[in-house]
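Please work through the following exercises with the sequence and the structure at hand. Each task is followed by a solution in steps.

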Amino acid sequence: MSTGDPNSQDSPFRHERTSRDEAPQFVLPLVVHIEKASPPARTDALETAARAVLVMLSDERSVGAGEWAEAMRDWQDARIRKVVRRARGAEWRRAEALPGITVTGKSAEVRVFPPVPLDGWPKDLARLQVSGTDLDDPESPAEPDLSAPVIWMSPDLDMSAGKAMAQAGHGAQLAWWALSEEARTAWHDAGFPLAVRTATPADWPGLTASGLPLVRDAGFTEIAPGSCTVVADHPALRG
């Protein structure tokens, strides 16, 4: 599994062509439950998506000889693509029937599935809408607890909720890769506490230059290739 340094030249989130592009391409599907009458808050959806990625990475079925381990290895050896689709009503019930893990936040439900080939989505997921997923926060999120991990989003980019959820997942994954086994275990055992917040324009340049895990988007959707989207700030990674 070619995880390595999350800031390396072979990072799965760099836009330049790398050896990862030669491998078969997989995608990690995430589905967010959005009912018209009761959509989740945007920040809660982002945080729940990030935790869902961490839950999938640490699940016993995803490692060693687990039933999802081969798909997880193939996915992590190629580009780390994540696609967020939305479902409601019967769509959500069909998604829940497929193998995966549902992670629940304060108002959000996100189901994450083992990776699938880029052109091999299960039909009950392939038919779900991917574009135009947008959510709002009914009130401004509280200041984050800096004693816990914070996924900082770029203040310079305008992303749909679905795109932002995928980016938050990327940031959580890079933090996971960068941690020691001891720190991973502690984070897992605590239930993966984290916050997702948009950085201030004044703080963003310092965050991107801090040496913390940084996502540079490959530019497949919505934003320009090479855009800095997320900095993953975990207490165990601070210099």
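**Exercise 1: A salt-bridged pair**

Asp-59 has a relative accessibility of 14% and therefore counts as buried, where buried means under 20% relative accessible area, exposed over 50%, and partly exposed in between (1.4 Å probe, protein chains only). The model is a predicted one, in which local features need pLDDT of at least 70 and side-chain atom pairs count only at pLDDT 80 or more, while totals for chains, interfaces and linings use all residues. Residues are numbered from 1 along each chain as its sequence is written, and side-chain values use heavy atoms, with hydrogens and water left out.

Task: Identify the residue with which Asp-59 forms a salt bridge.

Solution. Step 1: apply the criterion, a side-chain nitrogen of Lys or Arg within 4 Å of a carboxyl oxygen of Asp or Glu. Step 2: the partner of Asp-59 is Arg-61, with the closest N and O atoms 2.8 Å apart. Step 3: Arg-61 has a relative accessible area of 28%, so Arg-61 is partly exposed.

**Exercise 2: A network**

Task: Determine which residues are joined with Asp-124 into one network by salt bridges that share partners.

Solution. Step 1: Asp-124 forms a salt bridge with Arg-94, the closest N and O atoms lying 3.8 Å apart. This pair links distant parts of the chain, since Asp-124 belongs to helix α4 (residues 123-126) and Arg-94 to helix α3 (residues 89-96), 30 residues apart. Helices here are DSSP runs of H or I with at least four residues, strands are runs of E with at least two, and both are numbered from the N terminus. Step 2: Arg-127 also forms a salt bridge with Asp-124, at 2.9 Å between the closest N and O atoms. Step 3: the shared partners join Arg-94, Asp-124 and Arg-127 into one network. Step 4: Asp-124 is buried because its relative accessibility is 17%, whereas Arg-94 at 33% is partly exposed, as is Arg-127 at 47%. The whole structure contains 7 salt bridges.

**Exercise 3: The surroundings of strand β1**

Task: Establish with which strands β1 pairs, and in what sense.

Solution. Step 1: two strands pair if DSSP finds at least two bridges between them. Step 2: β1 (residues 26-33) runs parallel to β2 (residues 81-87), joined by 7 bridges; Val-31 has Arg-85 as its bridge partner in β2. Step 3: β4 (residues 109-112) pairs with β1 in the antiparallel sense over 3 bridges, and Val-32 has Val-110 as its partner there. Step 4: β5 (residues 116-117) is likewise antiparallel to β1, over 2 bridges, with Val-116 as the bridge partner of Val-27.

Task: Decide whether the faces of β1 are covered or uncovered.

Solution. Step 1: in a regular strand the side chains alternate between the two faces of the sheet. Step 2: Phe-26, Leu-28, Leu-30 and Val-32 on one side are buried, and so are Val-27, Pro-29, Val-31 and His-33 on the other, so that both faces are covered. Step 3: 8 of the 8 residues of β1 are buried, and the strand is therefore largely enclosed by the rest of the structure.

**Exercise 4: Helix α5**

Task: Compare the expected and actual span of helix α5 (residues 161-178).

Solution. Step 1: the expected span is 1.5 Å times one less than the number of residues. Step 2: the 18 residues of α5 should span 26 Å, which agrees with the 26 Å between its end C-alpha atoms. Step 3: 17 of the 18 residues are buried, so α5 is largely enclosed by the rest of the structure.
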